[in-house]
Number of protein chains: 2
Amino acid sequence: MAGAIADPVRRQILVLLKDGRLAAGEIAERFAISRPAVSRHLRVLRESGLVRAELVGRQRFYSLDPEPFTGLAAWLAQFVRPSGWEHHLDALETEVYRTRRERRSGAESREEHTA
Amino acid sequence: MAGAIADPVRRQILVLLKDGRLAAGEIAERFAISRPAVSRHLRVLRESGLVRAELVGRQRFYSLDPEPFTGLAAWLAQFVRPSGWEHHLDALETEVYRTRRERRSGAESREEHTA
DNA sequence: GGAAAGCGTAACCTATTAGTTACGCTTTTC
DNA sequence: GAAAAGCGTAACTAATAGGTTACGCTTTCC
(Lines give C-alpha, C1' and ligand atoms only; values in the text may rest on other atoms or scores of the structure.)
Protein backbone atom coordinates (compact mmCIF):
# COMPACT_ATOMS: atom_id res chain seq x y z
CA MET A 1 0.00 0.00 0.00
CA ALA A 2 2.61 2.53 1.01
CA GLY A 3 4.71 1.30 -1.85
CA ALA A 4 1.88 1.92 -4.27
CA ILE A 5 1.76 5.57 -3.34
CA ALA A 6 5.50 5.98 -3.62
CA ASP A 7 5.39 6.38 -7.38
CA PRO A 8 4.48 9.83 -8.76
CA VAL A 9 2.65 8.42 -11.76
CA ARG A 10 0.47 6.29 -9.55
CA ARG A 11 -0.23 9.20 -7.26
CA GLN A 12 -1.29 11.22 -10.26
CA ILE A 13 -3.56 8.44 -11.43
CA LEU A 14 -5.26 8.43 -8.06
CA VAL A 15 -5.80 12.16 -8.30
CA LEU A 16 -7.31 11.73 -11.75
CA LEU A 17 -9.72 9.13 -10.49
CA LYS A 18 -10.87 11.38 -7.73
CA ASP A 19 -13.27 13.04 -10.16
CA GLY A 20 -14.84 9.78 -11.17
CA ARG A 21 -14.14 6.64 -13.08
CA LEU A 22 -11.96 6.57 -16.16
CA ALA A 23 -11.21 3.98 -18.80
CA ALA A 24 -7.67 2.65 -18.97
CA GLY A 25 -7.09 4.41 -22.26
CA GLU A 26 -8.32 7.72 -20.93
CA ILE A 27 -5.87 7.44 -18.10
CA ALA A 28 -3.00 6.42 -20.33
CA GLU A 29 -3.38 9.29 -22.76
CA ARG A 30 -2.78 11.75 -19.94
CA PHE A 31 0.77 10.52 -19.47
CA ALA A 32 3.85 10.71 -21.62
CA ILE A 33 4.80 7.12 -20.95
CA SER A 34 3.55 4.19 -22.98
CA ARG A 35 0.16 2.62 -22.49
CA PRO A 36 1.48 -0.72 -21.21
CA ALA A 37 3.49 1.17 -18.62
CA VAL A 38 0.34 2.82 -17.37
CA SER A 39 -1.41 -0.52 -17.52
CA ARG A 40 1.09 -1.96 -15.11
CA HIS A 41 0.78 0.97 -12.78
CA LEU A 42 -2.92 0.28 -12.78
CA ARG A 43 -2.22 -3.30 -11.89
CA VAL A 44 -0.13 -2.24 -8.92
CA LEU A 45 -2.92 0.02 -7.77
CA ARG A 46 -5.41 -2.77 -8.28
CA GLU A 47 -3.39 -5.30 -6.32
CA SER A 48 -2.93 -2.91 -3.46
CA GLY A 49 -6.67 -2.38 -3.39
CA LEU A 50 -6.57 1.33 -4.01
CA VAL A 51 -8.44 1.03 -7.24
CA ARG A 52 -11.11 -1.17 -8.72
CA ALA A 53 -11.67 -2.16 -12.34
CA GLU A 54 -15.03 -2.54 -13.95
CA LEU A 55 -15.34 -4.24 -17.30
CA VAL A 56 -17.75 -2.63 -19.71
CA GLY A 57 -17.55 -4.08 -23.15
CA ARG A 58 -13.99 -3.86 -24.27
CA GLN A 59 -13.24 -1.08 -21.88
CA ARG A 60 -11.93 -1.20 -18.34
CA PHE A 61 -13.17 1.54 -16.11
CA TYR A 62 -11.10 2.29 -13.09
CA SER A 63 -12.38 3.93 -9.96
CA LEU A 64 -11.03 4.68 -6.53
CA ASP A 65 -11.53 2.40 -3.61
CA PRO A 66 -11.15 4.81 -0.71
CA GLU A 67 -11.05 2.21 1.99
CA PRO A 68 -7.34 1.32 1.99
CA PHE A 69 -6.44 4.96 2.28
CA THR A 70 -7.85 4.93 5.73
CA GLY A 71 -5.21 2.53 6.88
CA LEU A 72 -2.37 4.75 5.85
CA ALA A 73 -4.18 7.77 7.19
CA ALA A 74 -4.52 6.06 10.53
CA TRP A 75 -0.86 5.19 10.57
CA LEU A 76 0.05 8.71 9.61
CA ALA A 77 -2.14 10.10 12.34
CA GLN A 78 0.37 8.90 14.87
CA PHE A 79 2.73 11.58 13.71
CA VAL A 80 0.40 14.43 12.96
CA ARG A 81 -0.70 16.50 15.88
CA PRO A 82 -4.23 17.54 16.65
CA SER A 83 -6.03 18.86 13.63
CA GLY A 84 -8.88 17.78 11.43
CA TRP A 85 -10.41 14.37 11.47
CA GLU A 86 -7.07 12.68 11.93
CA HIS A 87 -7.30 13.88 15.45
CA HIS A 88 -10.59 12.11 15.76
CA LEU A 89 -8.91 9.00 14.52
CA ASP A 90 -6.30 9.28 17.18
CA ALA A 91 -8.90 9.83 19.82
CA LEU A 92 -10.93 6.92 18.65
CA GLU A 93 -8.03 4.63 18.41
CA THR A 94 -7.85 3.65 22.03
CA GLU A 95 -11.54 3.18 22.31
CA VAL A 96 -11.84 1.06 19.22
CA TYR A 97 -8.90 -1.07 20.18
CA ARG A 98 -10.25 -1.68 23.63
CA THR A 99 -13.61 -2.69 22.28
CA ARG A 100 -12.02 -5.08 19.90
CA ARG A 101 -9.84 -6.67 22.49
CA GLU A 102 -12.69 -7.20 24.83
CA ARG A 103 -14.72 -8.72 22.11
CA ARG A 104 -12.14 -11.37 21.35
CA SER A 105 -11.22 -12.32 24.84
CA GLY A 106 -8.17 -14.45 25.20
CA ALA A 107 -6.73 -15.35 21.88
CA GLU A 108 -3.52 -14.50 20.11
CA SER A 109 -0.94 -13.20 22.49
CA ARG A 110 1.64 -12.07 20.04
CA GLU A 111 4.83 -11.21 21.79
CA GLU A 112 7.44 -8.66 21.15
CA HIS A 113 10.40 -9.69 19.16
CA THR A 114 13.32 -7.56 18.22
CA ALA A 115 14.35 -9.15 14.98
CA MET B 1 8.66 12.04 1.11
CA ALA B 2 6.20 9.42 -0.04
CA GLY B 3 9.14 7.34 -1.09
CA ALA B 4 10.67 7.64 2.34
CA ILE B 5 7.78 5.95 4.06
CA ALA B 6 7.50 3.28 1.40
CA ASP B 7 10.10 1.18 3.13
CA PRO B 8 8.99 -0.92 6.12
CA VAL B 9 12.26 -0.45 7.98
CA ARG B 10 11.99 3.30 7.69
CA ARG B 11 8.39 3.25 8.82
CA GLN B 12 9.43 1.23 11.83
CA ILE B 13 12.19 3.70 12.61
CA LEU B 14 9.66 6.49 12.58
CA VAL B 15 7.48 4.58 14.99
CA LEU B 16 10.45 4.03 17.28
CA LEU B 17 11.23 7.72 17.30
CA LYS B 18 7.69 8.55 18.25
CA ASP B 19 8.58 7.89 21.88
CA GLY B 20 11.52 10.24 21.85
CA ARG B 21 14.97 10.66 20.43
CA LEU B 22 17.31 7.74 19.92
CA ALA B 23 20.98 7.44 19.05
CA ALA B 24 21.85 5.84 15.72
CA GLY B 25 23.21 2.79 17.46
CA GLU B 26 20.14 2.35 19.57
CA ILE B 27 18.06 2.36 16.45
CA ALA B 28 20.32 0.01 14.58
CA GLU B 29 20.37 -2.65 17.28
CA ARG B 30 16.61 -3.03 16.96
CA PHE B 31 16.91 -4.35 13.44
CA ALA B 32 18.33 -7.50 11.99
CA ILE B 33 20.07 -5.70 9.18
CA SER B 34 23.56 -4.26 9.44
CA ARG B 35 24.31 -0.95 11.06
CA PRO B 36 25.41 0.76 7.85
CA ALA B 37 22.13 -0.28 6.25
CA VAL B 38 20.23 1.43 9.03
CA SER B 39 22.55 4.40 8.73
CA ARG B 40 21.50 4.83 5.13
CA HIS B 41 17.84 4.54 5.98
CA LEU B 42 18.43 7.29 8.46
CA ARG B 43 20.01 9.37 5.75
CA VAL B 44 16.97 8.93 3.55
CA LEU B 45 14.74 9.99 6.39
CA ARG B 46 16.99 12.94 7.09
CA GLU B 47 17.03 14.08 3.49
CA SER B 48 13.29 13.87 3.24
CA GLY B 49 13.01 16.00 6.35
CA LEU B 50 11.12 13.47 8.42
CA VAL B 51 13.88 13.21 10.95
CA ARG B 52 16.56 15.42 12.41
CA ALA B 53 19.98 14.52 13.75
CA GLU B 54 21.55 16.08 16.78
CA LEU B 55 25.22 15.56 17.47
CA VAL B 56 26.15 14.96 21.07
CA GLY B 57 29.71 13.90 21.54
CA ARG B 58 30.31 10.93 19.34
CA GLN B 59 26.66 10.07 19.23
CA ARG B 60 23.98 11.11 16.80
CA PHE B 61 20.54 11.46 18.28
CA TYR B 62 17.65 11.23 15.90
CA SER B 63 14.25 12.70 16.48
CA LEU B 64 11.07 13.11 14.50
CA ASP B 65 10.25 16.23 12.61
CA PRO B 66 6.48 16.01 12.46
CA GLU B 67 5.99 18.84 10.03
CA PRO B 68 6.45 17.03 6.71
CA PHE B 69 3.87 14.44 7.73
CA THR B 70 1.22 17.07 7.46
CA GLY B 71 1.78 17.38 3.75
CA LEU B 72 1.17 13.73 3.08
CA ALA B 73 -1.74 13.69 5.47
CA ALA B 74 -3.29 16.57 3.55
CA TRP B 75 -2.78 14.82 0.26
CA LEU B 76 -4.25 11.67 1.67
CA ALA B 77 -7.26 13.51 3.00
CA GLN B 78 -8.46 13.99 -0.58
CA PHE B 79 -9.27 10.35 -0.80
CA VAL B 80 -10.82 9.64 2.52
CA ARG B 81 -14.54 9.76 2.47
CA PRO B 82 -15.57 12.96 4.19
CA SER B 83 -19.02 11.74 5.12
CA GLY B 84 -20.52 9.25 7.47
CA TRP B 85 -19.16 8.68 10.92
CA GLU B 86 -20.65 5.23 11.01
CA HIS B 87 -18.85 4.31 7.88
CA HIS B 88 -15.65 5.66 9.29
CA LEU B 89 -15.96 3.69 12.42
CA ASP B 90 -16.77 0.53 10.61
CA ALA B 91 -14.03 0.89 8.09
CA LEU B 92 -11.50 2.08 10.58
CA GLU B 93 -11.96 -0.44 13.23
CA THR B 94 -9.93 -3.15 11.64
CA GLU B 95 -7.23 -0.83 10.46
CA VAL B 96 -6.79 0.90 13.73
CA TYR B 97 -6.58 -2.36 15.56
CA ARG B 98 -4.05 -3.62 13.10
CA THR B 99 -1.94 -0.53 13.55
CA ARG B 100 -2.00 -0.95 17.27
CA ARG B 101 -0.98 -4.54 17.10
CA GLU B 102 1.87 -3.72 14.78
CA ARG B 103 3.02 -1.11 17.16
CA ARG B 104 3.30 -3.67 19.91
CA SER B 105 4.78 -6.51 17.95
CA GLY B 106 7.24 -4.23 16.27
CA ALA B 107 7.59 -6.32 13.17
CA GLU B 108 5.02 -5.26 10.60
CA SER B 109 5.09 -7.90 7.95
CA ARG B 110 1.60 -7.40 6.72
CA GLU B 111 0.15 -4.92 4.33
CA GLU B 112 -0.22 -6.77 1.09
CA HIS B 113 -3.63 -8.14 0.46
CA THR B 114 -3.13 -8.57 -3.23
CA ALA B 115 -6.70 -8.83 -4.33
C1' DG C 1 48.98 9.15 23.30
C1' DG C 2 46.79 4.96 22.00
C1' DA C 3 42.77 1.95 22.11
C1' DA C 4 38.04 1.66 21.63
C1' DA C 5 33.43 3.43 20.90
C1' DG C 6 30.11 5.50 17.73
C1' DC C 7 28.78 6.68 13.01
C1' DG C 8 28.98 7.81 8.44
C1' DT C 9 30.76 6.76 3.66
C1' DA C 10 32.62 3.97 -0.21
C1' DA C 11 32.65 0.15 -3.14
C1' DC C 12 30.33 -3.66 -4.55
C1' DC C 13 26.50 -7.09 -5.51
C1' DT C 14 21.78 -8.49 -6.24
C1' DA C 15 16.77 -7.91 -6.50
C1' DT C 16 13.27 -4.91 -7.75
C1' DT C 17 11.19 -1.43 -10.51
C1' DA C 18 9.73 1.24 -14.34
C1' DG C 19 10.13 1.79 -18.99
C1' DT C 20 9.99 -0.11 -23.94
C1' DT C 21 8.34 -2.99 -27.98
C1' DA C 22 5.92 -7.07 -29.58
C1' DC C 23 2.01 -9.78 -29.21
C1' DG C 24 -2.56 -11.95 -28.05
C1' DC C 25 -7.26 -11.93 -26.52
C1' DT C 26 -12.13 -9.95 -26.50
C1' DT C 27 -15.52 -6.96 -28.09
C1' DT C 28 -17.34 -3.80 -31.27
C1' DT C 29 -18.16 -2.22 -36.05
C1' DC C 30 -19.16 -2.59 -40.92
C1' DG D 1 -16.49 -12.84 -40.73
C1' DA D 2 -12.76 -9.62 -41.07
C1' DA D 3 -10.95 -5.39 -39.41
C1' DA D 4 -10.17 -2.42 -35.76
C1' DA D 5 -10.56 -0.79 -31.08
C1' DG D 6 -9.30 -1.44 -26.25
C1' DC D 7 -6.34 -3.60 -22.81
C1' DG D 8 -3.60 -6.74 -20.64
C1' DT D 9 0.71 -9.70 -20.67
C1' DA D 10 5.44 -11.23 -21.99
C1' DA D 11 10.14 -10.49 -22.73
C1' DC D 12 13.80 -7.56 -22.35
C1' DT D 13 16.68 -3.50 -20.62
C1' DA D 14 18.31 0.33 -17.72
C1' DA D 15 18.08 2.46 -13.50
C1' DT D 16 17.30 2.33 -8.54
C1' DA D 17 17.12 0.43 -3.97
C1' DG D 18 18.68 -2.07 -0.25
C1' DG D 19 21.90 -5.17 1.63
C1' DT D 20 26.96 -6.42 2.89
C1' DT D 21 31.90 -5.73 4.11
C1' DA D 22 35.80 -2.59 4.47
C1' DC D 23 37.35 1.70 5.92
C1' DG D 24 37.98 6.46 7.87
C1' DC D 25 36.95 10.16 10.94
C1' DT D 26 35.87 12.10 15.75
C1' DT D 27 35.24 11.68 20.48
C1' DT D 28 35.75 9.32 24.82
C1' DC D 29 38.42 6.53 28.16
C1' DC D 30 42.56 4.84 30.65
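Helices and strands here are DSSP runs, numbered from the N terminus, and the model they are read from is predicted.

**Close-up 1. The surface of both chains that lies near DNA strand D.** Helix H3 (24-28), H4 and strand E3 (59-64) of chain A each supply at least two residues of this surface, and so does H3 of chain B. Of the 21 residues around DNA strand D, those that come nearest are A:Gly25, A:Tyr62, B:Ser34, B:Arg40 and B:His41. On the DNA side, sugar and phosphate make up 60% of the strand D atoms that come within 4 Å of the protein. Sorted by class, the residues of this surface are seven nonpolar, six polar and eight charged.

**Close-up 2. Side chains of chain B that reach DNA strand D.** Take a look at B:Ser34 to begin with: an N or O atom in its side chain is 2.5 Å from a phosphate oxygen of DNA strand D. For B:His41, an N or O atom of the side chain likewise sits 2.5 Å from a phosphate oxygen of DNA strand D. B:Arg40 turns to a base instead, with a side-chain N or O atom 2.9 Å from a base nitrogen of DNA strand D.

**Close-up 3. Side chains of both chains that reach DNA strand C.** Of the 22 residues around DNA strand C, A:Ser34, A:Arg40, A:His41, B:Gly25 and B:Tyr62 come nearest. Sugar and phosphate account for 61% of the strand C atoms found within 4 Å of the protein. A:Arg40 places a polar side-chain atom 2.8 Å from a base nitrogen of DNA strand C. Two further side chains are worth finding here: A:Asp7 has a polar atom 3.4 Å from a phosphate oxygen of DNA strand C, and B:Arg43 also has one 3.4 Å from a phosphate oxygen of that strand. The elements giving two or more residues to this surface are helix H2 (8-17) and helix H4 (35-47) of chain A, along with helix H2 (24-28), helix H3 (35-47) and strand E3 (59-64) of chain B. By class, there are eight nonpolar, six polar and eight charged residues near DNA strand C.

**Close-up 4. The open sheet of chain B and the helix lying across it.** Three antiparallel strands of chain B line up in the order E1-E3-E2. Strand E1 (22-23) and strand E2 (51-56) are the edges, each pairing on one side only. Six bridges join E2(B) to E3(B) in the antiparallel sense; B:Val56, for instance, has B:Gln59 of E3(B) as its bridge partner. Helix H1 (residues 8-17) of chain B lies across E1, E2 and E3, running at about 90° to E3(B).

Conventions. Residues are numbered from 1 along each chain as its sequence is written. Chains are lettered from A and ligands numbered from 1 in the order in which they are written. This is a predicted model: local features need pLDDT of at least 70, side-chain atom pairs count only at pLDDT 80 or more; totals for chains, interfaces and linings use all residues. Side-chain values use heavy atoms; hydrogens and water are left out. A residue is near a molecule or strand if one of its heavy atoms lies within 4 Å of it. A polar contact is a pair of N or O atoms within 3.5 Å; within protein, one must be able to donate a hydrogen and the other to accept it, and residues adjacent in sequence count only if both atoms are side-chain atoms. Helices (H or I, at least four residues) and strands (E, at least two) are DSSP runs, numbered from the N terminus. Ala, Val, Leu, Ile, Met, Phe, Trp, Tyr, Cys and Pro count as nonpolar, Asp, Glu, Lys and Arg as charged, and the others, Gly among them, as polar. Two strands pair if DSSP finds at least two bridges between them. Contact means heavy atoms within 4.5 Å. Axes are lines fitted to C-alpha atoms, for helices over the stretch in contact, and angles run from 0 to 180 degrees between N-to-C directions.
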